[in-house]
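Let's take a walk through a protein together. Have the sequence and the 3D view open, and we'll go from the whole chain to a few of its strands.

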Amino acid sequence: MAEQPAIRELGPSPFEGTKLVGELRLQVGTRAGKAIATRQYHQGALRILRPHYLDDTAQVCYTIVNPGGGYLGGDNYGIEVSVDEDTSLLLTTQSATKVYKTPGTFARQDMVVRLGPGAVLEYVPDQLIAYRGASYRQFTRVDMHQDSSLLFCEVLTPGWSPDGKLFRYDEVRLRTEVSVDGRLAVLDNLLVRPGEDSLDSLLFLQDFTHVGMLLAIDAKIGASDVERIRELAYRIGEAQRTPVHLGISQVPGPGVAVRALSNSTEAINAVLMAVVDELRLHLRGQKPLNLRKY
């Protein structure tokens, strides 16, 4: 009963009418010079840990936890995040998101993000692991102000069996829509169907098994910044023991998109985190990110 007022204060749920296995709704504002959750609600298999402050800025870090351990067929999850004016939030996960075999129907996660003027959201989760027979759909919708800042990362990896053989998940769909001042700026739609051979995939993976994605939207990102990020990403990629195939593009918004293919989570993470650190330094003068999970 005590949680009911928080639901009303947050306003109508964007997931109304959907039966959710886990729901998390978080609003972050600034109080006494520090970012902090001003309203929050959770139910089912989603939680957030207590706030952390990783540097001497006002940015707050929250960690999403799934006590259930993984996503199963027919599971629906809903996450709503609102960041108030001139407030900075770093959102991460406690561990990898695991999608197990989904007989009958897919698992799904919907995420709705709203960023006020001057707001910052950096979403840097651990990897998404899809096991054999898994089907997963993730839909993210972002509504942001023209002078707010968004950074989204995602790494997709296949699950492994005890004997070391690579599992083949059935399908993963990741769709992200970003609107700036009510105008659709970026539509990123990724569909991966590994099949028995990589040639059967709508995304041509060649001999690679892991996919990394980074999307940053910020009015301060210009063509010269994209070129600097491109040079940095290729330099870090070439230094990895496992080959990394990269694509870096300037996108409307303005912003930058990074795609990475590899056979190693660590190699992709090295590239993406180098770009994250470069953007944090360039856009806000922040130090390299250290989530200190382990």
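Start with the secondary structure: the protein chain has three helices and 17 strands. Keep in mind that what you're looking at is a predicted model. The chain is 294 residues long, and 51% of them count as buried, where buried means under 20% relative accessible area. What about the outside? The protein chain exposes about 13,700 Å², and carbon and sulfur atoms supply 50% of that area.

Now think about who touches whom. Take the contacts in the chain with a separation of 6 or more: 70% of them link residues that sit 24 or more positions apart.

Let's zoom in on strand E4, which covers residues 60-65. How many of its six residues are buried? Six of the six are, so to speak, tucked under cover. Look at one side of E4 and you'll find Val-60, Tyr-62 and Ile-64; turn to the other side and you'll meet Cys-61, Thr-63 and Val-65, and both sets are all buried.

Who are the neighbours of E4? Strand E3 (residues 47-48) runs antiparallel to E4 and is joined to it by two bridges. One place to spot this pairing is Arg-47, whose bridge partner in E4 is Val-65. Then there's strand E6 (residues 88-93), which runs parallel to E4 and is joined to it by five bridges. Here, Cys-61 stands opposite Leu-90 in E6.

Hold on to those two residues, Cys-61 and Leu-90, as they turn up again in the lining of the largest cavity. The structure holds one cavity of 30 Å³ or more, and the space in the largest cavity is about 30 Å³. Along with Cys-61 and Leu-90, its lining includes Val-60 from the start of E4, plus His-52, Leu-54, Asp-55, Gln-59 and Gln-286. Sort the lining residues by character and you get four nonpolar, three polar and one charged.

Next, move along to strand E17 (residues 255-262), where seven of the eight residues are buried. Strand E15 (residues 210-217) pairs with E17 in the antiparallel sense over eight bridges, and in this pairing Gly-212 stands opposite Ala-260. Strand E16 (residues 244-251) also runs antiparallel to E17, joined by eight bridges. Look for Val-251 opposite Gly-255 in E17. E16 and E17 form a hairpin with three residues between them, and Gly-253 in the turn has a positive phi of about 145°.

Notes: Residues are numbered from 1 along each chain as its sequence is written. This is a predicted model: local features need pLDDT of at least 70, side-chain atom pairs count only at pLDDT 80 or more; totals for chains, interfaces and linings use all residues. Side-chain values use heavy atoms; hydrogens and water are left out. On a 1 Å grid over the protein atoms alone, a cavity is a set of points where a 1.4 Å probe fits but cannot get out, and a pocket is an open set with protein on both sides within 12 Å along at least five of seven lines; lining residues have an atom within 4 Å of a point. Grid points are joined across faces, edges and corners, and a volume is the space filled by probe spheres set on the points. Ala, Val, Leu, Ile, Met, Phe, Trp, Tyr, Cys and Pro count as nonpolar, Asp, Glu, Lys and Arg as charged, and the others, Gly among them, as polar. Buried means under 20% relative accessible area, exposed over 50%, partly exposed in between (1.4 Å probe, protein chains only). Helices (H or I, at least four residues) and strands (E, at least two) are DSSP runs, numbered from the N terminus. Two strands pair if DSSP finds at least two bridges between them. Contact means heavy atoms within 4.5 Å. Accessible areas come from the Shrake-Rupley method with a 1.4 Å probe; for residues, only the protein chains shown count as cover.
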